[in-house]
Amino acid sequence: MTKSAKNTLDSKHIRLREPRRDDGMAVHRLIADCRPLDTNSSYCNLLQCDHFAATSVTAEIDGKIAGFISAYPLPEQPDTLFVWQVAVAEGARGMGLASKMLMHLLQRDACRDIRHLHTSITADNSASWALFQRLADALSAPLRDCDWLDKHHHFDGLHDSERLVKIGPLTAEQQEYRGAA
């Protein structure tokens, strides 16, 4: 996608859908191109596209995958959706695609009972902080964060510390807003 095409794209050119198993390798390549995201194995991305399809979203522009969000309900807290990764291709950035994908995901039947959204963000990832703050603002829901995974204790110094970000609780009114968005 060219820069000029990026500026003229509107929502009718974007197709948001559940990922399919066949999307796994394209998702794997997208994530690898979206530094500083951690790359997982291609097998992991295939499983995300297959096992977590109902709570993940793929964005297509002109038939090519330009965005992906992997998410899943927490096993011990089924009303809490954990957003694992948000990836947007470089040529699709700056048009609100990540926000559109998040709202699309929250409107799905699979997320109708979700009252809390969690994710993790490193302290220096300003794009992710801004994305999730915009989501909290759009939903009129509080955003809180706390220490979660420590660089030295959990990652042996090989990865920056991750803050656990919590949005919610989401109210019935916010559910209605999500359905109308």
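W148 is partly exposed, its relative accessible area being 38%, and this residue offers a way into the aromatic side chains of what is a predicted model. W148 belongs, together with F52, Y72, F82 and W84, to one aromatic cluster.

A search of the whole structure for ring pairs returns 4 aromatic pairs. One of them joins Y72 and F82, whose ring centres lie 5.6 Å apart with an angle of 40° between the planes, an arrangement that is tilted. Because Y72 sits in strand 3 (residues 64-74) while F82 sits in strand 4 (residues 77-88), this pair ties together parts of the chain that are 10 residues apart in sequence. With regard to solvent, Y72 is partly exposed at a relative accessible area of 22%, whereas F82, at 7% relative accessibility, counts as buried, since the limit for that class is under 20%.

From F82 the path leads back to the starting residue. The ring centres of F82 and W148 are 5.8 Å apart and their planes meet at 50°, so this pair too is tilted, given that the tilted class takes in planes that are neither under 30 degrees nor over 60 degrees apart. Here the contact links distant parts of the chain, with F82 in strand 4 and W148 in strand 6 (residues 143-149), 66 residues apart. F82 thus has a tilted partner in Y72 and another in W148, and these three residues are among the members of the cluster that also includes F52 and W84.

Methods: Residues are numbered from 1 along each chain as its sequence is written. This is a predicted model: local features need pLDDT of at least 70, side-chain atom pairs count only at pLDDT 80 or more; totals for chains, interfaces and linings use all residues. Side-chain values use heavy atoms; hydrogens and water are left out. Rings of Phe, Tyr and Trp (its six-membered ring) pair if their centres lie within 6.5 Å; planes under 30 degrees apart count as stacked, over 60 as edge-to-face and the rest as tilted. Helices (H or I, at least four residues) and strands (E, at least two) are DSSP runs, numbered from the N terminus. Buried means under 20% relative accessible area, exposed over 50%, partly exposed in between (1.4 Å probe, protein chains only).
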